[in-house]
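Subject: Structure for you to look at

Hello,

I am passing on the structure we talked about. Please open it first, then read the notes below it.

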Amino acid sequence: MSSTRALRPRSYRWTILSAGVFAQAANSAILLGLPAIAPEIRQAFALTLPQVGVVLAAVNFGAVATLLAWGIVADRIGERAVIALCQTGAGGALLWAAYSSSFAELVVALSVTGGLGAGVNAASGRAVMSWFAPDERGFALGIRQMAVPLGGAVAALALPALTEHISLHSAFDGLALASFAAAVVGALFIRTEPQEEEEHSVLASPLRDRRVWRICTASVFYVTAQLSLIGFFVLFLHDRRGLSTGVAAGALAATQVLGGVVRIVVGRLSDRLRLRIVLLRWIALGIAVTVGLTALLLDASVWIVVPSLVAAGTFALSWNGLSFTATAEAAGRARSGAALGLQQTFLSAGAIVAPIGFAAVVHQGSWRLAFVLAAASPLIGYALLSPLAERRP
């Protein structure tokens, strides 16, 4: 083996991580950026609140059908090809969404976007998993998962500006351009690290491992709280509290940035303590407390309710890296693509239910009841993860 190859894991892994972050951020900007222009989408298509929930969930309609398949494909042909293909397809579908003329067409276009773009989730995570050793994997995957709120934060600032100064179409065009750029970055910089593990069926271990299924199931209850809060952050502050879309989107962007930073910190802490599940359960308690407190403060001064929403949103965004790492490590490097595809399928299913269910509760009940139910959700995840909790070495 050449000395160049021997040195590559030490020198090139940060390039892999950077490319993965860029690709994931571009994809996450779609799901987490659209809530920032939800008032404009609602007005442009004359939507009811439940219909807004369907639009915000539409990206996950397609993703839930393809995530596992993309993960298996990544295990078979590698992350580079998957990222290039899926991001190119997502960009094309976003151009379709930009010029949709009806609610139904918009939902279909966004569903296709989600189905085609979903491959970046497992592929970028698998790449990082392969290039980093276990003692820095939580930190690295925390950075990679930071790309999710980072993409959302950039989109939360950029999309309202594009909508206000140009048009709603231009916001979708901007998301498409980011997807095309991510495809180019993935094609140029992603490389496959040679594996030393024995070949097995890529389906066997993840789909038969009860630990993976338990982590996936528990994570659904985390993401339900996360997307209920983030998905209606701007709409609540705009419709219920009278803030402008720009100000509300700025608060959402700040939340995304804080959530991303906490993901990195928590990932590094999990490496040092050698604990993934224990920290994941502690975060569930933090989400429940902060979202529950927000539910009590919904009618307080905006100077109180906005910081409360930001704190709750930060907790709600902080857990993904730990869940991602725990799932990948349970499956092993060679089959991590399939495992992460399975996990992301579960999360996408939860992401479909969350905005539609939250909007329905608000429509039929109240904002306060919807926030209370969102606060209770991660407690179920906390209980489900109890048998997997590690003992500190």
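The notes below cover one residue, the nonpolar cores and the cavities.

Please keep in mind that this is a predicted model.

Leu106 sits in helix α6, which spans residues 103-117. Its relative accessible area is 0%, so Leu106 counts as buried, the limit being under 20%. Leaving aside residues up to four places away in sequence, Leu106 touches Ile41, Phe45, Val55, Ala97, Ser100 and Phe172.

The largest nonpolar core contains 88 residues. Helix α14 (residues 277-296) gives the largest share of this core, nine residues. Ile41 and Phe172 are among the residues with the most contacts inside the core, and Leu34 is another. With the neighbours up to four places away again left out, the contacts of Leu34 include Ile41, Leu110 and Phe172. Another core, of 34 residues, lies apart from the largest one and includes Val128 and Leu340.

There are two cavities of 30 Å³ or more. The largest has a volume of about 400 Å³, and 29 residues line it. Among those closest to its centre are Gln24, Asn60 and Gln344. Helix α2 supplies the largest share of this lining, six residues. By type, the lining has 13 nonpolar, 14 polar and two charged residues.

The second largest cavity holds about 80 Å³ of space. Its lining includes Leu31, Leu227 and Pro355. Here the largest share, three residues, comes from α11. Eight of the lining residues are nonpolar, one is polar and none is charged.

Regards

Methods. Residues numbered from 1 in each chain as written. Predicted model: local features only at pLDDT ≥ 70, side-chain atom pairs only at ≥ 80, totals over all residues. Heavy atoms only, no water. Helix = DSSP H or I, 4+ residues; strand = E, 2+ residues; numbered from the N terminus. Buried < 20%, exposed > 50% of the residue type's maximum accessible area, 1.4 Å probe, protein only. Contact = heavy atoms within 4.5 Å. Core = buried A, V, L, I, M, F, W, Y, C linked by side-chain atoms within 4.5 Å. 1 Å grid on protein atoms, 1.4 Å probe; cavity = no way out; pocket = protein on both sides within 12 Å on 5 of 7 lines; lining within 4 Å. Points joined across faces, edges and corners; volume = space filled by probe spheres on them. Nonpolar A, V, L, I, M, F, W, Y, C, P; charged D, E, K, R; others polar.
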